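Here are a few short exercises to work through with the model open. Try each one before you read its solution.

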Amino acid sequence: MDIRVLKPSDIPHVQMANITNLPENYFCKYYLYHAMSWPQLSYVAVDVSRPPKTPYDPPKIVGYVLAKMEEEPTDGVQHGHITSLSVMRTHRRLGLAEKLMRQSQRAMAETFSAHYVSLHVRVSNTAALHLYRDTLGFTVDKIEAKYYADGEDAYSMRMELDQYKGKDLEDVEMEDQDEGDAVGSEGKAEGNKGEGGAEGAKKEASAGKKRKVKVGRALGVSGLVERNETGS
């Protein structure tokens, strides 16, 4: 699985993923607006297990995060915003939603010196709330009544980005796993392959050392977002 920056040529395929999974849909020019204005912040997950047969075949995009910087923040504080996040049903429970979010958050902090990131999520979307609150560390700032077109309320959530300043992404992921035990013992043993296996992990644990563990296909994260993942 390859997670990379969104390209303008990806937009039709990102739009298809959005229409397939979410009720909040956008015109192509809205995606292009994000890609051209903040090219560092939006990412796609591409399934590279089946490469295109010809140079004309499009990449198999199975997830995306669409993000931006708030141009005129009402609180006067530089911050980013997650516009939309979606992972195709066939590729969920692989850690993709978390990885997409972390890549975007790190880019906000490093490129634009963002102090925090915000998003909106339906109050009924318990799976998305689990990802944002329990896995990523977002907190509910307020409830916005009838935020969505169908009249449903939204949680306005935010997360401080101090943890990304002066650290690489693997360090942040390792700290979160230590605090929240998001991966589990089987995933950690898998992550030790090629570096001493489970036996090596025990020796390092006894020495009080931390390991860098990547979140991805082999490890997975439970309880990822189901249908209606998020929308803004």
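Buried means under 20% relative accessible area, exposed means over 50%, and partly exposed is anything in between (1.4 Å probe, protein chains only). This is a predicted model, where local features need pLDDT of at least 70, side-chain atom pairs count only at pLDDT 80 or more, and totals for chains, interfaces and linings use all residues. Residues are numbered from 1 along each chain as its sequence is written, and side-chain values use heavy atoms, with hydrogens and water left out.

**Exercise 1.** Find out how arginine 158 and glutamate 160 should be classed, buried or exposed or in between.

Solution. Start with arginine 158: its relative accessibility is 23%, so it counts as partly exposed. Next, glutamate 160 has 41%, so this one is partly exposed too. Finally, check the contact: the two form a salt bridge (a side-chain nitrogen of Lys or Arg within 4 Å of a carboxyl oxygen of Asp or Glu), with the closest N and O atoms 2.9 Å apart.

**Exercise 2.** Work out which parts the salt bridge between glutamate 24 and arginine 122 ties together.

Solution. First, the N to O distance for this pair is 2.4 Å. Then place the partners: glutamate 24 lies in the loop between α1 (11-21) and α2 (28-37), and arginine 122 in strand β5, so the bridge ties together parts that are 98 residues apart in sequence. (Helices, H or I, at least four residues, and strands, E, at least two, are DSSP runs numbered from the N terminus.) Last, glutamate 24 and arginine 122 are both buried.
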